[in-house]
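Q: Please take a close look at one residue of this model and its surroundings, and set that part against the chain as a whole. Where should the description begin?

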Amino acid sequence: MAGRINDDDVKAVRDAVPIDAVVSEYLQLRNAGGGNLKGLCPFHDEKSPSFQVSPSKGLFHCFGCQEGGDTFAFVMKIDHLSFSETVERLAAKAGITLRYEEGGYNPGHQRGERIRLVEAHKVATQFYIDQLDSPEAEIGRKFLAERGFDQAAAAHFGVGYSPAGWDHLTRFLRGKGFSDKELILSGLSQDGRRGPIDRFRGRLMWPIRDVGGEVVGFGARKLRDDDNGPKYLNTPETPIYKKSQVLYGIDLAKKDIAKVSRAVVVEGYTDVMACHLAGVTTAIATCGTAFGGDHIKILRRLLMDNGSARVIFTFDGDAAGQKAALRAFEDDQKFAAETYIAIAPDGMDPCELRLAKGDQAVAELTEPRTPLFEFALRQIVNRYDLETPAGQAAGLDEAAPVVAKIKNLAVQHRVAVQLAGLVGILDTQFVVHRVAQLARWQRGGGGGKAPEQQRSRQRTYDTPAPSAGPAGPALNLRSPAHRTERELLKLALQRPELVSPAFDAYGIDEFTAPPYAAVRQCVQDAGGATGAPSDYLSAVREAAPNDSVRALVTELAVEAIFAKSVDEAYAGDQLVTVRLRAVDRRIRDVQGTLARLGAHGDPEQHAAVQNELWVLTQYGQSLRNNGAAAL
């Protein structure tokens with residue numbers, strides 16, 4: 001084993017590397033007064049900065065999670081290093097040669113694992129860069145040139161080339177003193193029949209750096225038709241590379257992201273290059289995985305995540321790009337920043353756009369355009385026929401819970417008004433009220449399974465639930481409405497093919513008995529009745545928020561359906577009856593609104609309410625005349 005690092009050398013490293021310079025590689029710091037700096041803590045999730053750094057004392061402390069210490073303690077915790085590894089890493093940055101008390105200079109193979117793996121990647125990066133000038137790499141240079149990247153661009157991003165042979169890099173790294181175990185562990189090599197071979201062969205190579213600027217992995221682009229591997233091959237998960245925790249280009253973009261409180265998220269390595277070369281130096285990309293929560297944590301620390309921060313996603317305009325955007329929107333509420341999406345009119349990515357229309361077009365593309373929530377809502381409501389009341393109701397039913405998740409109430413109200421316009425519902429207050437109700441229900445844990453969440457759900461139903469039954473008022477099976485709702489739910493659970501796809505367009509609020517509304521929610525959460533798989537009932541039961549609702553699902557799934565002939569005609573009658581009662585209830589509400597407006601109300605609002613009343617009346621009449629055909 002190597003000896004202990006000389007105490008004088010440890011002190012020299014501590015003095016040579018300012019704590020604020022080290023911390024600034026991971027998060028944005030701002031003046032906190034009294035000579036201190038502050039930022040969002042990297043060790044726990046927080047909305048306002050409680051993490052402080054004292055450059056004069058060389059210390060940090062978080063008043064939220066109580067983490068604190070000196071420069072060494074910060075690096076040890078954030079990068080999961082031992083003390084000696086931390087000193088060695090910072091010494092390398094400061095250009096200090098360390099001495100070891102019991103055994104003199106520490107030979108490379110005795111140093112910490114992470115340090116060794118990072119060094120292997122550093123050596124490999126230069127090896128790949130050197131290979132890009134070789135005759136064999138002509139195909140790689142041509143690939144770059146065709147996409148508008150010259151030699152200077154390749155050098156700026158450290159792009160290289162991996163030779164097509166079996167073990168060129170492996171033999172080179174062995175010659176530099178790296179063991180076969182280290183090469184396999186690093187992901188640079190993999191097991192072959194006769195020992196380690198190169199993982200990347202005959203490909204264009206992009207080094208992937210962490211926030212601190214160290215190469216921790218590679219992205220490799222396929223160049224030849226006879227390469228049977230994937231188009232892009234990334235480093236596997238290793239002790240230093242976790243794809244969900246790295247962002248390509250973050251080392252180059254972090255200063256400008258912190259400076260202008262803006263980040264541009266693109267989809268690929270060449271898109272990052274195109275953006276930076278076009279002057280959009282805040283561009284970053286994920287590495288072979290969807291943009292997720294860990295990526296958000298990295299950006300939040302750099303953005304300081306205040307109200308003026310902006311995150312712009314530039315996904316492709318195809319179906320895959322739209323899917324990626326919707327996934328990003330699922331995590332949107334983890335940002336305090338405003339999020340936008342920018343898609344080129346002709347669906348080109350930033351690299352293609354730069355080639356076709358130049359740098360200015362790329363810069364214009366990444367200016368905030370459509371808010372991400374608006375894009376996501378349009379994707380949802382456009383699945384429905386918004387020319388019909390049923391389509392509007394179905395679109396609202398799916399989109400309203402999404403809007404209800406917006407935490408800022410002012411923004412939530414504004415988006416709810418916009419949602420009304422998107423689905424074509426003229427009574428905006430109806431939509432706003434619906435969203436607000438859902439938001440209260442969600443805050444109370446309406447979709448969860450915890451006991452305290454169930455208590456919140458009971459409060460929403462106004463009446464305490466019996467201990468043995470589902471939340472809400474006791475069911476009254478003498479009520480025609482409750483009887484019909486029960487029959488419809490039994491059909492949805494036992495014979496889903498008879499009521500779908502119409503049933504899946506029904507709103508939760510079309511079931512007047514809260515326990516039945518809870519079961520309807522379970523069906524929705526389980527994926528709906530349309531195309532129900534073999535494990536459909538199990539999925540519905542698993543979606544239940546508590547044992548009471550789960551028991552009701554089971555009860556409805558086994559109770560006999562009260563019909564001599566359980567067929568489409570009977571199912572259609574139940575569907576129509578439940579929908580018609582919901583329409584009649586809404587007509588009464590709108591009539592009340594009209595009465596409240598009076599003759600001297602706002603003419604525009606008066607006309608809008610009258611129009612909604614006319615639409616509802618026509619729809620109700622159509623249901624009465626045409627039955628299930630009107631759904």
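A: A charge counts as sitting over a ring if NZ of Lys or CZ of Arg is within 6 Å of the ring centre and within 35 degrees of the ring normal. In this predicted model, the charged end of R586 sits over the ring of F430, 4.1 Å from its centre, and the charged end of R579 sits over the ring of Y506, with 4.1 Å to the centre of that ring.

The residue chosen for the close look is Q574, which is found in helix α26, a helix made up of residues 568–597. Q574 has a relative accessible area of 10%, and because buried means under 20% relative accessible area, Q574 is buried. Leaving aside residues up to four places away in sequence, Q574 touches T484, E487, L488 and L491.

As for the whole chain, its secondary structure comprises 27 helices and 16 strands, and 51% of its 631 residues are buried. Among the contacts in the chain with a separation of 6 or more, 65% are accounted for by residues 24 or more positions apart. The chain exposes about 29,200 Å², of which carbon and sulfur atoms supply 50%. Aromatic rings offer a further view of the model, since the structure holds 18 aromatic pairs under the criterion that ring centres lie within 6.5 Å, and ring pairs link Y26, F43, F51, F60 and F74 into a cluster.

Methods
Residues numbered from 1 in each chain as written. Predicted model: local features only at pLDDT ≥ 70, side-chain atom pairs only at ≥ 80, totals over all residues. Heavy atoms only, no water. Helix = DSSP H or I, 4+ residues; strand = E, 2+ residues; numbered from the N terminus. Buried < 20%, exposed > 50% of the residue type's maximum accessible area, 1.4 Å probe, protein only. Contact = heavy atoms within 4.5 Å. Areas by Shrake-Rupley, 256 points an atom, 1.4 Å probe, with all protein chains shown as cover. Phe/Tyr/Trp six-rings, centres within 6.5 Å; stacked < 30°, edge-to-face > 60°.
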